[in-house]
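I opened the model to look at how two of its helices are seated, and I kept these notes as I went.

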Amino acid sequence: MKKVMMMGRVSCGKTTLCQYLLGQELRYHKTQTVQILGDAIDTPGEYVENRALMRGLTVTAVDADAVLFLQDCTDLECRFSPGQAAMYGRPVIGVVSKIDAAPDGQAVENARMLLRLSGADPIFAISAYTGEGVKELVDYQEGLE
């Protein structure tokens, strides 16, 4: 797996996805600082939620081959700005997370739209609990140059 940096709001599924990819037990863990977990860089959600901390994400992205923007499909709020993907100088992949908890198909489509507006491309819908969509995401990012 290439080195990827995961970013998104608090509780959007970044750490859970890291745990799934590493074959670890899925358990809640509040990420307080940037952490390297295998080939994943797990970032605190506060870095996206507080614009003053955004610099930390820009600097951390330098160490990644790709950036993952995670948008929880059960969360109607988005913290990614339109076109934000352009600021990282890396491929930015959109990830609609928690599809196993989606109230309906429209929730997943709404999350896709928000990620599209941010400039993320392509976009994958996943569940780290069921594993749905994760293989396709990993296969894609492994194929990046």
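I began with what covers the buried residues of α5, and the elements in contact (heavy atoms within 4.5 Å) include β1 (4-7), α1 (14-21), β4 (66-72), β5 (92-97) and β6 (123-125). Helices here are DSSP runs of H or I with at least four residues, strands are runs of E with at least two, and both are numbered from the N terminus.

This is a predicted model, in which local features need pLDDT of at least 70 and side-chain atom pairs count only at pLDDT 80 or more, while totals for chains, interfaces and linings use all residues. I number residues from 1 along each chain as its sequence is written, and side-chain values use heavy atoms, with hydrogens and water left out.

In α5 (residues 134-142) I found Val134, Leu137, Val138 and Gln141 buried, that is, under 20% relative accessible area with a 1.4 Å probe and protein chains only, where exposed is over 50% and partly exposed lies in between. Seen down the axis of α5, these buried residues fall within an arc of 95 degrees (taken from the directions from the helix axis to the C-beta atoms), so they line one face of the helix.

I turned next to α4 (residues 105-118), whose buried residues are Ala107, Val108, Ala111, Leu115 and Ser118. They cover an arc of only 100 degrees around the axis, which puts them on the same side of α4. That buried set packs against β4, β5 and β6, whereas the face turned away from it carries the exposed residues Gly105 and Leu117.

Last, I noted that Gly119, just after α4, takes a positive phi of about 100 degrees.
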